[in-house]
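Student: Could you take me through one part of this assembly up close? I'd like the contacts that chain A makes with its partner chains, and then the salt bridges.

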Protein chains: 4
Amino acid sequence: MGKVCFVLGAGAGIGGHVAKRFASDGYHAVLCRRSDEAGLSALVGEIQEAGGQASGYLLNAAEADTIEARIASTERDIGPIDTVIYNLGAQIGDRALADTSYKAFEMGWRLATFGLFRVASAVLPAMVARGQGNLIVTSATAAVRGNSGQHSHAAAMGGRRMLCQTLNAEFASQGIHVAHVIIDGAVDAPDTLGKMLGPERFARLRETRGMEHDGLILPEKIAETYYHLAQQHRSAWTFELDMRAFTDRSWWNH
Amino acid sequence: MGKVCFVLGAGAGIGGHVAKRFASDGYHAVLCRRSDEAGLSALVGEIQEAGGQASGYLLNAAEADTIEARIASTERDIGPIDTVIYNLGAQIGDRALADTSYKAFEMGWRLATFGLFRVASAVLPAMVARGQGNLIVTSATAAVRGNSGQHSHAAAMGGRRMLCQTLNAEFASQGIHVAHVIIDGAVDAPDTLGKMLGPERFARLRETRGMEHDGLILPEKIAETYYHLAQQHRSAWTFELDMRAFTDRSWWNH
Amino acid sequence: MGKVCFVLGAGAGIGGHVAKRFASDGYHAVLCRRSDEAGLSALVGEIQEAGGQASGYLLNAAEADTIEARIASTERDIGPIDTVIYNLGAQIGDRALADTSYKAFEMGWRLATFGLFRVASAVLPAMVARGQGNLIVTSATAAVRGNSGQHSHAAAMGGRRMLCQTLNAEFASQGIHVAHVIIDGAVDAPDTLGKMLGPERFARLRETRGMEHDGLILPEKIAETYYHLAQQHRSAWTFELDMRAFTDRSWWNH
Amino acid sequence: MGKVCFVLGAGAGIGGHVAKRFASDGYHAVLCRRSDEAGLSALVGEIQEAGGQASGYLLNAAEADTIEARIASTERDIGPIDTVIYNLGAQIGDRALADTSYKAFEMGWRLATFGLFRVASAVLPAMVARGQGNLIVTSATAAVRGNSGQHSHAAAMGGRRMLCQTLNAEFASQGIHVAHVIIDGAVDAPDTLGKMLGPERFARLRETRGMEHDGLILPEKIAETYYHLAQQHRSAWTFELDMRAFTDRSWWNH
């Protein structure tokens with residue numbers, strides 16, 4: 001059995017492209033996403049047609065035991081998980097405090113913070129037993145600064161970042177590489193940005209800022225860096241890095 | 001009716017001393033804590049004997065509607081809340097990931113992050129209507145770095161810090177002063193540190209590091225800075241500051 | 001002999017107001033500035049008329065031995081320096097890299113970083129011998145993020161912040177309180193902002209954003225917090241805090 | 001003419017290995033270092049024997065016009081500089097403030113901060129004219145926290161980090177990729193760590209922590225990440241990342 005790359009949040013953006021990148025180098029890519037069975041099958045099919053190995057599963061990370069069961073069955077039926085890509089987001093757009101329900105606030109935590117804790121609890125014991133493994137976490141600007149209207153998202157992402165640090169502090173010396181990647185800009189992703197903006201605005205944005213102009217982050221380029229992180233030698237591991245398009249301002253600049 | 005200072009987490013450490021400090025300058029101090037009715041009565045009594053105004057309530061912040069109801073009744077029966085001190089902690093000591101249950105992880109979030117969101121949702125509309133108010137949040141080193149064994153605490157505090165930033169971003173220009181205070185060291189507090197260590201170890205620690213040696217942070221001195229924050233002119237507000245004993249190393253130093 | 005508060009950079013903004021604040025509580029204020037003897041005399045006179053003690057000196061901090069000699073003569077002739085306010089700025093406005101000369105870059109460092117190193121080297125041995133002292137350093141947003149056009153200023157302030165941390169790491173346990181204050185907004189100061197904008201634009205800005213609207217930071221309010229820092233008990237010292245007007249965005253927000 | 005990778009600080013550690021890595025993929029490596037002509041020749045020879053292109057120069061970065069002249073002659077005689085590796089350090093070991101001379105403090109700035117400013121001023125106009133280029137800067141833990149005894153080093157590195165941010169803010173949108181790499185641990189480098197420790201202690205350290213145990217950062221592994229940074233697509237650039245051995249604690253952890 002070869003190495004497995006387990007992707008939670010495998011849509012048409014970062015998650016799907018990371019799955020393809022790892023599969024292109026021999027990993028068996030396990031793609032999990034909440035909905036859109038057709039989109040999932042298409043991704044799996046693409047990888048297989050290119051000669052790679054992939055499996056796809058629908059999985060609701062907000063429900064109990066879904067993540068845990070899928071990790072267990074992957075380890076049992078497909079192979080030892082070498083790399084987990086935690087790519088679940090919790091961005092719901094800007095909302096004033098008065099428009100942010102308790103439920104929305106809790107859902108942010110459940111997907112962005114607690115879900116990662118569940119993944120770590122489920123997969124790290126096996127990785128530790130094998131003395132190696134990668135846990136690469138997609139994160140966002142909201143993990144390092146709380147902007148107006150981001151109550152749910154920033155609280156969830158701030159928690160996620162600190163959790164990544166505690167996981168790294170406990171597990172790095174046991175051979176587990178935890179990496180926290182701050183995606184500091186809009187990603188050219190139809191499943192997330194596309195849905196938030198709607199098809200017309202998304203198409204316009206891609207034309208004006210994306211593609212030739214490189215003003216949107218291309219997810220296949222992010223995938224190259226995720227792959228690099230997973231290949232770093234353990235004497236020279238990166239815990240945190242940021243990524244943005246060259247035309248974008250860094251989060252700390254005005 | 002005078003100004004009200006509403007303290008959530010009013011034990012014998014920071015919370016109680018802050019309540020006393022505000023009461024000594026004419027605020028009506030509302031002290032809320034989960035348990036120890038005798039301790040609560042003693043604090044209230046102390047303030048009243050010194051000529052101040054105080055009310056005390058037992059309140060379980062992990063339960064639904066407890067915080068919201070107490071804020072509403074305070075505004076209705078005691079007076080407009082000028083300052084909220086959010087002083088609920090979620091430190092459970094260092095625990096390996098394997099020893100951190102889902103329940104413990106969730107409880108950290110519920111007390112340290114979600115509770116603050118509930119307070120903000122309940123109290124800020126009234127403060128905004130009055131064009132002023134202070135929300136001073138006790139925080140911890142774990143809000144800025146995740147150490148080994150701090151999975152629950154760091155995730156909760158990291159979320160708290162980002163939430164404070166989002167609240168500040170939305171409400172500062174409406175006259176609300178949000179302050180995030182990083183308590184970066186052990187506080188001379190029998191209710192928290194004392195319970196964690198047990199009476200003997202706590203007594204020994206106080207003798208060797210505390211008192212004359214000032215190696216523990218004295219909560220009455222923290223209270224002076226909280227009071228200063230609440231008095232800062234709105235042209236010169238502080239959002240974040242750190243506090244530690246002069247003998248302690250800053251969190252970023254080795 | 002009473003306590004001395006030694007202010008380097010004592011113009012009509014932060015420095016002058018801090019000097020007044022300390023003098024109003026019995027400190028002998030020593031005011032040093034590069035130029036404008038009339039302005040300096042006026043400040044000293046104001047303090048003395050209010051019943052306080054003050055001395056004023058012109059001092060070019062870019063020249064060798066000027067700072068060191070003034071500290072030595074102050075200790076010898078006026079009294080032991082309890083508090084140093086390091087208030088020298090190095091803001092020269094936004095300049096593209098091509099418009100930033102080697103000389104301008106070096107001058108930024110000389111005033112904002114090296115000057116502080118010289119002050120620390122000159123004054124800390126005496127403070128350590130007395131077991132106490134405060135070194136309060138005015139800093140700027142540029143100490144924590146480098147914006148376009150701020151090459152000289154940001155490099156100088158970034159160095160200043162790290163220098164403050166090293167001083168704190170070595171001297172806190174010896175009783176010296178080092179504080180790094182991030183002034184994150186425009187200060188209502190005729191000597192600095194006023195000169196940069198010119199009298200007309202400065203007057204307009206004050207009318208639209210300052211005074212009633214509190215959109216400029218009032219230096220006399222900053223002075224209150226500097227004074228509070230100098231009075232903090234050594235069991236509860238603050239190393240870093242930020243300050244801005246309530247209408248201003250924090251540096252990390254967009 | 002192929003692409004040129006210009007390495008300032010090309011010793012037997014990071015600089016030399018980065019030069020080799022770029023040369024192995026077709027870059028002409030220009031190696032500059034202050035001293036040890038024999039060591040320099042050996043590095044250049046190694047690259048050439050492996051089929052790569054390399055040139056070596058002795059260069060004292062503390063002297064006027066040395067950097068500028070070498071950049072100009074490289075552009076003129078060897079080819080357009082695609083990537084600059086700024087790898088000059090300024091670590092002089094831990095020294096108390098009293099043992100840190102003005103000269104040592106200034107030298108830290110001159111090598112670690114001002115040198116980078118000179119490089120940027122000299123090379124960026126040509127890169128901007130070509131619409132592309134990489135400026136990869138080796139940095140250190142001291143850029144993000146000032147430890148006791150690091151007065152010169154931390155001030156210099158803190159300035160360097162902010163300068164990198166200002167360069168990025170001005171030049172990213174013009175196609176220049178600035179990257180600030182925080183080397184957060186000891187590097188297995190005879191020229192720097194080896195000299196600081198002496199041959200015996202360095203040999204012992206390598207045996208106990210390095211090699212099989214990966215407790216020292218292997219510079220050839222750092223080189224892989226530098227190379228990856230230079231290859232990142234401009235829609236997905238990283239400005240900052242940290243690196244350390246898996247057995248090392250992150251700078252923010254205790």
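Tutor: Here is a walk through the interfaces of chain A, followed by the salt bridges.

First, the ground rules. This is a predicted model, in which local features need pLDDT of at least 70 and side-chain atom pairs count only at pLDDT 80 or more, while totals for chains, interfaces and linings use all residues. Residues are numbered from 1 along each chain as its sequence is written, chains are lettered from A and ligands numbered from 1 in the order in which they are written, and side-chain values use heavy atoms, with hydrogens and water left out.

Let's start with chains B and A. Chain B superposes on chain A by a rotation of 180 degrees with 0.0 Å of shift along the axis, at an RMSD of 0.0 Å. That is the relation of a two-fold axis. The fit is by least squares on the C-alpha atoms of residues with pLDDT of at least 70 in both copies. Within chain B, the residue closest to the rotation axis is B:Gly159, whose C-alpha is 2.1 Å away. The copies meet through the same surface, because 100% of the interface residues of chain B are also interface residues in chain A.

The contact (heavy atoms within 4.5 Å) takes 40 residues from chain B and 40 residues from chain A. About 3,000 Å² is buried between them, and carbon and sulfur atoms give 70% of that. Buried area here is the accessible area (1.4 Å probe) that two parts lose on being put together, summed over both. On the chain B side, B:Leu97, B:Tyr102 and B:Phe117 lose the most area to chain A, together 23% of what that side buries.

Now the polar side of that interface. There are 10 residue pairs in polar contact between chain B and chain A, both residues at pLDDT 80 or more. A polar contact is a pair of N or O atoms within 3.5 Å; within protein, one must be able to donate a hydrogen and the other to accept it, and residues adjacent in sequence count only if both atoms are side-chain atoms. Helix 4 (102–130) and helix 5 (151–171) of chain B each supply at least two residues to the side that touches chain A, and helix 5 of chain B gives the most, with 13 residues. Helices (H or I, at least four residues) and strands (E, at least two) are DSSP runs, numbered from the N terminus. By class, that side of chain B divides into 19 nonpolar, 14 polar and seven charged residues; Ala, Val, Leu, Ile, Met, Phe, Trp, Tyr, Cys and Pro count as nonpolar, Asp, Glu, Lys and Arg as charged, and the others, Gly among them, as polar.

Chain B and chain A also share two salt bridges, a salt bridge being a side-chain nitrogen of Lys or Arg within 4 Å of a carboxyl oxygen of Asp or Glu. B:Glu106 pairs with A:Arg110 in a salt bridge, with the closest N and O atoms 4.0 Å apart.

Next, chain D against chain A. Here 35 residues of chain D are in contact with 35 residues of chain A, and the buried area is about 2,800 Å², with 53% from carbon and sulfur atoms. D:Arg234, D:Ser235 and D:Phe246 supply 24% of the area that chain D buries against chain A, more than any other three residues. The rule finds zero salt bridges across this interface, but there are 23 residue pairs in polar contact. Helix 8 of chain D gives the most to that side of chain D, with five residues. The side has 14 nonpolar, 13 polar and eight charged residues.

To finish, some salt bridges inside single chains. Over all chains, the count comes to 48. In chain C, C:Asp184 and C:Arg244 meet at 2.8 Å, N to O. This pair links distant parts of the chain, 60 residues apart: C:Asp184 is in the loop between strand 6 (176–183) and helix 6 (190–197), and C:Arg244 in the segment after strand 7. C:Asp184 is buried at 4% relative accessibility, and C:Arg244 is buried at 4%; buried means under 20% relative accessible area, exposed over 50%, partly exposed in between (1.4 Å probe, protein chains only). In chain D, D:Glu224 bridges to D:Arg21 at 3.1 Å between the closest N and O atoms. D:Glu224 lies in helix 8 and D:Arg21 in helix 1 (residues 14–23), so the pair ties together parts 203 residues apart in sequence. D:Glu224 is partly exposed at 36%, whereas D:Arg21 is buried at 18%.
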